[in-house]
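Got the model open in your viewer? Let's take a walk through it, one selection at a time.

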Amino acid sequence: MAHLFADQREAARAVLLSPRQLDVLVGPAGTGKTTTLAALAGEWRGTRGTVLGLAPSASATETLSNALGARCETTAKWLFESVGDAAAKRALRFAADTAELGDPAVPYEERRAANECRHALAAEQDRWRFRRGDLVIVDEASMADTRTLAALLDQAGAAEAKVLLVGDHLQRGAVDAGGAFGMLARRGPTAELRTLWRFSQPWEARATLPLRHGDPAALDAYARHGRISHGPHDDLLDDALAAAAAAGAHGQVVLLAAADRRTVSDLNARSRAERVRAGEVRATGVALSDGLTGGVGDRIVTRRNNRRLRTGDGFVRNGDLWQVSAVLPDGGIRVRAIGDADGATLRLPAAYVAEAVELGYATTTARSQGMTVDETHTVVTAGMGREDLYVAVTRGRHVNRLYVATDGTDPDCLPGGEPEGPRELLDHVLATTHAETSATETWATHHPQNPEPPLPSARPQPAIPPLRPQIARSPLTPPTSPSPDGHVLERW
């Protein structure tokens, strides 16, 4: 770990020396969490055991796998295979084969086949179990819902594996009931990354830190450096499109974004229309799931994981970008991965196109979390939250620009009336948090005399036993810190 910087090395060492089964690593955007995890994983493999990576999304899983050089899965896939429907079907088939083995009326060949099937089922089930000494890294843990984290911790506890939750509780949270990661980060102890490395401009790195906590004074730096534009909504969409196109023409990797799907759809439609006028895209095509048209030359994004649609590096993932190379008579399309002009094409069936394919020129800030690009151009509208704004201005290495539309706002988003100007709207955004608090924290807020909520005697667990006898474990003695009187993990 000698190549790490001081705070990265300190955080990695704290996790390695911690005797806890659960640890938390928190870092603002751009602090090198992935680099730290790669070094930590290498050290763990060399001294402790196996490293396994999990993440809420397939795109985050792919990034994590490339960084760790280890097996990585989505949290949904892991639970589906380990204790979900897939595990239940294996258990039923295993029981049926076992019964067949015990029936003397069954011919020998059939019993042998049943026994082979049992061994295959047991081996497959074992692939989806944590083992003693494993390090289970859950990346982008702020986006994992509470039930998922609880289920993973239960499995790790039973196997005596260590779990490391990694993320930033001040970025976007889970779609389902969440708040657990934020609660753990606030309660501590946590390992913390503090130094920012992503941004080429020092002023921008400094400005992101108070903005992350909702301090409106942080906006002054963006205004001074000309990073905030404002005006009528339609004009700003055109400005953002033109700026993104110009940056792309100069070889920059550009992210065009907005917080709401309606604005993203407008950006996608306008971007496509401009490309049709320029002759880069065919006007005719097929209807996509966002209601827009996709034709030859268009950039599209797949919005659902499909493991049956195989690619050179795995399968079609939610968030993958493609270019349409052909429109098929049945409504399907042939696509090629963005940036791979000479690569093989892949056929996306008509049903998948109609249900899970959108134009991919612009994206929501929610989908951009975890990305790193050269420039970002984000349209800001009323209703955006602090977490979205923070994500928007921390994706780009060199430029992060905001386009603030103050006209045509929804009165439900600004019940006090239309804002006087762009700064008032941005202040309102920073004052609005969409972060969810955990049920435990909510209970403590409303029951200060009894801050610990009542818990059931035992949480019900899925009844999916191991499909082969397990060896009894000997007691595990965790490593201790060489400095027992010093801190192991700093409190956040």
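Start by selecting Pro 189, which sits in the loop between α8 (180-187) and β6 (191-192). Show the backbone and look at the bond that leads into this residue from Gly 188: the peptide bond is cis, with omega near -5°. Most peptide bonds are trans. Keep in mind throughout that you are looking at a predicted model.

Now move along to Arg 194, in the loop between β6 and α9 (202-212). Arg 194 has a relative accessible area of 36%, so it counts as partly exposed. Add Thr 31 to the selection: 163 residues separate Arg 194 and Thr 31 along the chain, yet their C-alpha atoms are 6.5 Å apart.

**Two glutamates with an unusual backbone**

Next, pick Glu 140, in the loop between β4 (135-138) and α7 (146-159). Its phi is positive, about 50°, although Glu 140 is not a glycine. Most residues other than glycine have a negative phi. Is Glu 140 buried or exposed? The cut-off for buried is under 20% relative accessible area, and Glu 140 comes in at 16%, so it counts as buried.

Then jump to Glu 160, which you'll find in the loop between α7 and β5 (162-167). Here again is a residue other than glycine with a positive phi, near 60°. With a relative accessibility of 28%, Glu 160 counts as partly exposed.

**Down the axis of α3**

Select helix α3, residues 58-68, and colour Ala 58, Ala 60, Thr 61, Leu 64 and Leu 68, which are buried. Turn the view until you look straight down the axis of α3: the buried residues fall within an arc of 150°, so they line one face of the helix. What covers them? Show α2 (33-47), β2 (51-55), β3 (72-74) and β4 (135-138), which are among the elements lying over those buried residues of α3. Before you leave, click on Gly 69, which follows α3 and has a positive phi near 65°.

**Aromatic rings, and two arginines over them**

Searching the whole structure turns up four aromatic pairs. For one of them, display Trp 78 and Phe 130: the ring centres are 4.7 Å apart and the planes meet at 10°, so the pair is stacked. These two come from distant parts of the chain, 52 residues apart, with Trp 78 in helix α4 (residues 75-82) and Phe 130 in the loop between α6 (108-126) and β4. Trp 78 and Phe 130 are both buried. Bring in Trp 128 as well, and you have one aromatic cluster made of Trp 78, Trp 128 and Phe 130.

Stay with Trp 128 and add Arg 71. The charged end of Arg 71 sits over the ring of Trp 128, 4.5 Å from its centre. For another arginine over a ring, go to Trp 44: Arg 48 lies over its face, 4.9 Å from the ring centre.

**Where α4 meets α5**

Go back to α4 and show helix α5 (residues 85-101) beside it. The two pack with their axes 4 Å apart, at an angle of about 20°. That is why α4 and α5 count as roughly parallel to each other. Which residues meet here? Turn on side chains for Phe 80, Glu 81 and Ser 82 in α4, and for Asp 85, Ala 86, Ala 87 and Arg 90 in α5, and you have both sides of the meeting place.

**Leu 255 and what it touches**

Now select Leu 255, in strand β8 (residues 254-258). At 9% relative accessibility, Leu 255 counts as buried. Thr 376 is 121 residues away along the chain, but its C-alpha atom is separated from that of Leu 255 by 4.6 Å. Leave aside the neighbours within four places in sequence, and Leu 255 is in contact with Thr 363, Ser 368, Met 371, Val 373, Glu 375, Thr 376, His 377 and Arg 395.

**Zoom out**

To finish, show the whole chain as a cartoon. It has 17 helices and 20 strands. Of its 492 residues, 45% count as buried. Take the contacts with a separation of 6 or more: residues 24 or more positions apart account for 70% of them.

Key: Residues are numbered from 1 along each chain as its sequence is written. This is a predicted model: local features need pLDDT of at least 70, side-chain atom pairs count only at pLDDT 80 or more; totals for chains, interfaces and linings use all residues. Side-chain values use heavy atoms; hydrogens and water are left out. Buried means under 20% relative accessible area, exposed over 50%, partly exposed in between (1.4 Å probe, protein chains only). The arc is that of the directions from the helix axis to the C-beta atoms. Contact means heavy atoms within 4.5 Å. Rings of Phe, Tyr and Trp (its six-membered ring) pair if their centres lie within 6.5 Å; planes under 30 degrees apart count as stacked, over 60 as edge-to-face and the rest as tilted. A charge sits over a ring if NZ of Lys or CZ of Arg is within 6 Å of the ring centre and within 35 degrees of the ring normal. Axes are lines fitted to C-alpha atoms, for helices over the stretch in contact, and angles run from 0 to 180 degrees between N-to-C directions. Angles under 35 degrees count as roughly parallel, over 145 as roughly antiparallel, 65 to 115 as roughly perpendicular and the rest as oblique.
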